[in-house]
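Hi,

Here is the structure I promised to pass along. Have a look at it first, and then read on for what turned up.

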Amino acid sequence: MRKPKAARVWPVAAAKAHLSAVIDHALNDGPQTITRSGRTAVVVVSAEEWARKMRRKGNLADFFASSPLRGSQVRIKRSTAKSRETGI
């Protein structure tokens with residue numbers, strides 16, 4: 001795997017004028033930052049990197065099992081009020 005180069009910063013006008021280059025750099029060099037009025041607006045990343053970042057890590061049961069509140073004896077009282085009408 002190729003070692004990514006430093007991310008490049010593109011003002012929005014330059015990114016629009018050179019979109020193909022922005023995409024090529026995102027694919028080959030890593031995330032590309034696009035700025036608007038000098039402030040970071042968006043980051044362009046490869047689809048492969050996006051999929052890797054979005055991959056689910058564990059499931060809901062794992063999440064609750066690793067909660068710092070597990071075993072804290074917190075008790076939640078359920079409301080005894082009647083449910084309200086939905087109009088359906």
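In which strand is the place of Gln-32? Gln-32 belongs to strand β2, which covers residues 32–36. Please keep in mind that this is a predicted model.

Gln-32 makes a good starting point. Its relative accessibility is 1%, so it counts as buried, the cut-off being under 20%. The side chain of Gln-32 reaches the backbone oxygen of Gly-30 at 2.9 Å. Gly-30 itself sits just after α2 and takes a positive phi of about 110°. Beyond its neighbours within four places in sequence, Gln-32 is in contact with a list of residues that includes Trp-10, Val-22, His-25, Ala-26 and Val-43.

Two of those names lead into helix α2. Val-22, Ala-26 and Asp-29 are the buried residues there. They lie on the same side of α2, because the arc they cover around the axis is only 110°. What do the buried residues of α2 pack against? Their partners are β1 (8–11), α1 (12–17), β2 and β3 (39–44).

Turning the helix over, the face of α2 away from its buried side carries Ser-20 and Leu-27, both exposed. Leu-27 is found in this helix, which spans residues 19–29, and has a relative accessible area of 56%; that is over 50%, so Leu-27 is classed as exposed. Leu-27 also joins Leu-19 and Ile-23 in a nonpolar patch on the surface. Together, these three residues have about 290 Å² of accessible area.

Now for the charges. Side chains of opposite charge can pair when their charged atoms come close. How many salt bridges does a search of the whole structure find? The search finds one, and it is formed by the side chains of Glu-48 and Arg-52, at 3.7 Å from N to O. Both residues are in helix α3 (residues 47–54), and because they are four residues apart, about one helical turn separates them. Glu-48 counts as exposed at 55% relative accessibility, whereas Arg-52 is partly exposed at 37%.

Last, a word on Lys-77, which lies in the segment after α4 (60–65). Lys-77 is exposed, with a relative accessible area of 81%. From C-alpha to C-alpha, Lys-77 and Arg-36 are 49 Å apart in space, with their positions 41 residues apart in sequence.

Happy to talk it through whenever suits you.

Best wishes

How values were computed. Residues numbered from 1 in each chain as written. Predicted model: local features only at pLDDT ≥ 70, side-chain atom pairs only at ≥ 80, totals over all residues. Heavy atoms only, no water. Patch = residues over 30% accessible without salt bridge, like charges linked within 9 Å, V, L, I, M, F, W, Y side chains within 5 Å. Areas by Shrake-Rupley, 256 points an atom, 1.4 Å probe, with all protein chains shown as cover. Salt bridge = Lys/Arg side-chain N within 4 Å of Asp/Glu carboxyl O. Helix = DSSP H or I, 4+ residues; strand = E, 2+ residues; numbered from the N terminus. Buried < 20%, exposed > 50% of the residue type's maximum accessible area, 1.4 Å probe, protein only. Polar contact = N/O pair within 3.5 Å; in protein donor to acceptor, adjacent residues only side chain to side chain. Contact = heavy atoms within 4.5 Å. Arc of directions from axis to C-beta.
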